[in-house]
Amino acid sequence: MGAGLFRMVRGALAGAAALLGLAATAEAQTLASLPMEAGATTLGDAKPIAAWVTFCQGYVSECAVDRTEPARISLTPATWATIVSVNRRVNKAVEPMTDQDHLHVADRWDLAEDGIGDCEDFQLLKRHLLAEAGLPRRAMRMTVVIDEKGEGHAVLTLITDRGDLVLDNKTNAILPWHRTGYVFIKRESQDAVAWVSLGGVTSPVTTANR
């Protein structure tokens, strides 16, 4: 990751006192109002996005699944504050640009090392930082959806004790999965380096959405 971007975003994790201060604010604004509900139902195996396969070859630790980790995130005020802060800071720090415009390829997944990325790069960077902060990677799954424009898009699903919540670079709002307006297609498995279906009928070939 580029040093400048890393320092900028890592500020989201700096200082226990800052996190505790954010916790009270984040809880008052959002955590208390989150519904207690079931998450999305998985429906068997799904074919991975090709660019994810390539990403996992170069970033093995980012795709590894540790089945000893919790399958759900317990949302405390401090944990919620960390999620809110990282989500906002990555959304602000990374310049949105399609892979075609940026790298002259249809779809490439990475950690936005140069400070530029499209949808999946935002979410991968968020997961990287949240995992560094101690959240279980197994409970943070890259997810493919069809967005409001009918295009392939990637979001990060947090599987929590309040249901499945979605981190998105199109908004700083953290929403329950069924309130995003998206059609959910598939996401990474919690049990293997693989993907599972979420029931969406049409699967995009890429997630080249900025």
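This tour moves through a predicted model, going from its aromatic ring pairs to a run of paired strands.

**The tryptophan pair**

Begin by selecting Trp109 and Trp195 and showing their side chains; a pair of aromatic rings is described by the distance of the centres and the angle of the planes. The ring centres of Trp109 and Trp195 lie 6.5 Å apart with the planes at 75 degrees, and because an angle over 60 degrees counts as edge-to-face, that is how this pair is classed. If you colour the chain by residue number, you will find that the pair links distant parts of the chain, with the two positions 86 residues apart in numbering: Trp109 sits in the loop between helix H6 (99-103) and strand E3 (116-117), while Trp195 belongs to strand E9 (residues 195-197).

Are these two residues buried or exposed? Trp109 has 3% relative accessibility and counts as buried, and Trp195, at 1% relative accessibility, counts as buried as well.

Next, add Trp52 to the selection, since ring pairs link Trp52, Trp109 and Trp195 into a cluster.

**A second ring pair**

Now move to Trp177 and Phe184, whose ring centres are 5.5 Å apart and whose planes stand at 85 degrees, so this pair is edge-to-face. The two partners differ in their surroundings, because Trp177 has 23% relative accessibility and counts as partly exposed, whereas Phe184, at 8%, counts as buried. Four aromatic pairs are counted in the model, and the two described above are among them.

**Strand E6 and its neighbours**

Select residues 163-168, which make up strand E6, and show the surface of everything else: six of the six residues of E6 are buried, so the strand is largely enclosed by the rest of the structure.

Then add strand E5 (residues 152-160), which pairs with E6 in the antiparallel sense over five bridges. To place one of these contacts, pick Ile159 and look across to Asp164, its bridge partner in E6. The turn is also easy to find by selection, as E5 and E6 form a hairpin with two residues between them.

Which strand does E6 join through three bridges? The partner is strand E7 (residues 171-176), and the two run antiparallel. Selecting Asp168 together with Thr171 shows one point of contact, since Thr171 in E7 is the bridge partner of Asp168. E6 and E7 also form a hairpin, again with two residues between them.

To finish, display E5, E6 and E7 together: E6 pairs antiparallel with E5 and also runs antiparallel to E7.

Key:
Residues are numbered from 1 along each chain as its sequence is written. This is a predicted model: local features need pLDDT of at least 70, side-chain atom pairs count only at pLDDT 80 or more; totals for chains, interfaces and linings use all residues. Side-chain values use heavy atoms; hydrogens and water are left out. Rings of Phe, Tyr and Trp (its six-membered ring) pair if their centres lie within 6.5 Å; planes under 30 degrees apart count as stacked, over 60 as edge-to-face and the rest as tilted. Helices (H or I, at least four residues) and strands (E, at least two) are DSSP runs, numbered from the N terminus. Buried means under 20% relative accessible area, exposed over 50%, partly exposed in between (1.4 Å probe, protein chains only). Two strands pair if DSSP finds at least two bridges between them.
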